[in-house]
Structures are given as structure tokens and as C-alpha cells.
Amino acid sequence: MLKQRGVFILELSDGSKVPLRFCTWTLMRFCEVNGDIDMNQMTTLIGDGGMTLKQFISLIQCAAEYTPFKEGKTPDFRPIDVSDWIDDIGGMQSPGFAAISETIRQSFSDGDTNGQEKKRVAKV
């Protein structure tokens, strides 16, 4: 079984865990929910860090939706939930937020992992 790249398990203070998956499907979903962003725009947003906070929250939401959609369920995460998760791990200046950002960067730009899992866990 191949390990998945771009996996981040968000551990919240209440003990719950939110799996985030940053992959091609996540990008497709992000493009879909943000007005059909094209590949050039996506490359600029991810590569140059030109995302707005709203777009970043949307990307995290799309990553969280991966598992429910993969399991045939309809996710019910909202931007306010994602914002609460970020606040719960210490906010936008926290090590947890930095770890999510690094997972995103590596999962979309690091081509030398040969399918090896990039799994990070943020604990509060």
C-alpha cells in the first residue's frame, strides 16, 4: 500500500483529530469552490504565497473535506470551523500553523519523495 503525501493530522485541544490531505484532488476542489482558478493562478498562489487569508482557509477546508468525500460522506466543515481549528492550535503565528504551511508547500512542490508519506501532527 502506498503511503500518502501531503497528510497532516490536526490535533485539537478537545482531543479530536482532523485529517487534512493536500493532494491533486484538494487543488481541484479548491479551484472549483473559488471560481475555477486556472493552473497558472494556482501555481502562483501556492508557489509564491500570494493567497489571501480567505483562500488559505478555503484550502484547509478543502483538505479537510478529502476524507469525508473519499468515504462517500458529505462534509459539513465551514470556514468558521477551520478558523476555530487554527485558533485552537495557537493561531496564525503558531508552530502548528507553520507546520500546516510547510506540509502544503512540500506536498505541492517536493517531487523527490517517491510516494513517501509526509505526515505531521500539531499538538496544543
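This section describes the fold, the helix packing and the confidence of a predicted model of one protein chain.

The protein chain contains five helices and three strands. Read from the N terminus, the order of the elements is β-β-α-α-α-α-α-β. Of the 124 residues in the protein chain, 43% are buried. Among contacts in the protein chain with a separation of 6 or more, 61% join residues 24 or more positions apart.

Confidence varies along the protein chain. The average pLDDT is 83, and 83% of the residues score at least 70. Among the elements, helix α4 (residues 79–88) has the highest mean pLDDT, 96, whereas strand β3 (residues 119–122) has the lowest, 47. Over residues 112–124 pLDDT stays under 50, and the model has 36 contacts beyond four places in sequence for these residues. Where pLDDT is low, predicted coordinates should not be read in detail.

Two helix pairs were examined. In one pair, helix α1 (residues 24–33) packs with helix α2 (residues 39–48) at an angle of about 110°, the axes being 11 Å apart. Angles of 65 to 115 degrees count as roughly perpendicular, and α1 is therefore roughly perpendicular to α2. The crossing of these two helices, α1 and α2, is right-handed. On the α1 side the contact is made by Leu 27, Phe 30 and Cys 31, and on the α2 side by Met 42, Leu 45 and Ile 46. By class, this contact of α1 with α2 comprises six nonpolar residues, with no polar and no charged residues.

Leu 27, Phe 30 and Cys 31 of α1 are also buried, and the buried residues of this helix further include Thr 26 and Arg 29. The spacing of such positions can be read against helix geometry: an α-helix has 3.6 residues a turn, so residues three or four places apart point the same way. After α1 comes Gly 35, which has a positive phi, near 85°.

In the other pair, the axes of helix α3 (residues 53–70) and α4 come within 9 Å and cross at roughly 95°. By the angular criterion, α3 is thus roughly perpendicular to α4. Helix α3 contributes Ile 57, Ile 60, Gln 61 and Ala 64 to the contact, while α4 contributes Pro 79, Val 82, Ser 83, Trp 85 and Ile 86. The contact of α3 with α4 has seven nonpolar and two polar residues by class, and no charged residues.

Ser 58 is located in helix α3. Its relative accessible area is 12%; since residues under 20% count as buried, Ser 58 is buried. Apart from residues up to four places away in sequence, Ser 58 touches Phe 30, Val 33 and Asn 34. Phe 30 is one of the α1 residues in the contact with α2 and is itself buried. Ser 58 and Arg 78 lie 20 residues apart along the chain, and their C-alpha atoms are separated by 8.9 Å.

Notes
Residues numbered from 1 in each chain as written. Predicted model: local features only at pLDDT ≥ 70, side-chain atom pairs only at ≥ 80, totals over all residues. Heavy atoms only, no water. Axes fitted to C-alpha atoms, helices over the stretch in contact; angles between N-to-C directions. Helix = DSSP H or I, 4+ residues; strand = E, 2+ residues; numbered from the N terminus. Parallel < 35°, antiparallel > 145°, perpendicular 65-115°, else oblique. Left-handed = near helix turned anticlockwise from the far one by under 90°. Contact = heavy atoms within 4.5 Å. Nonpolar A, V, L, I, M, F, W, Y, C, P; charged D, E, K, R; others polar. pLDDT = per-residue confidence, 0-100. Buried < 20%, exposed > 50% of the residue type's maximum accessible area, 1.4 Å probe, protein only.
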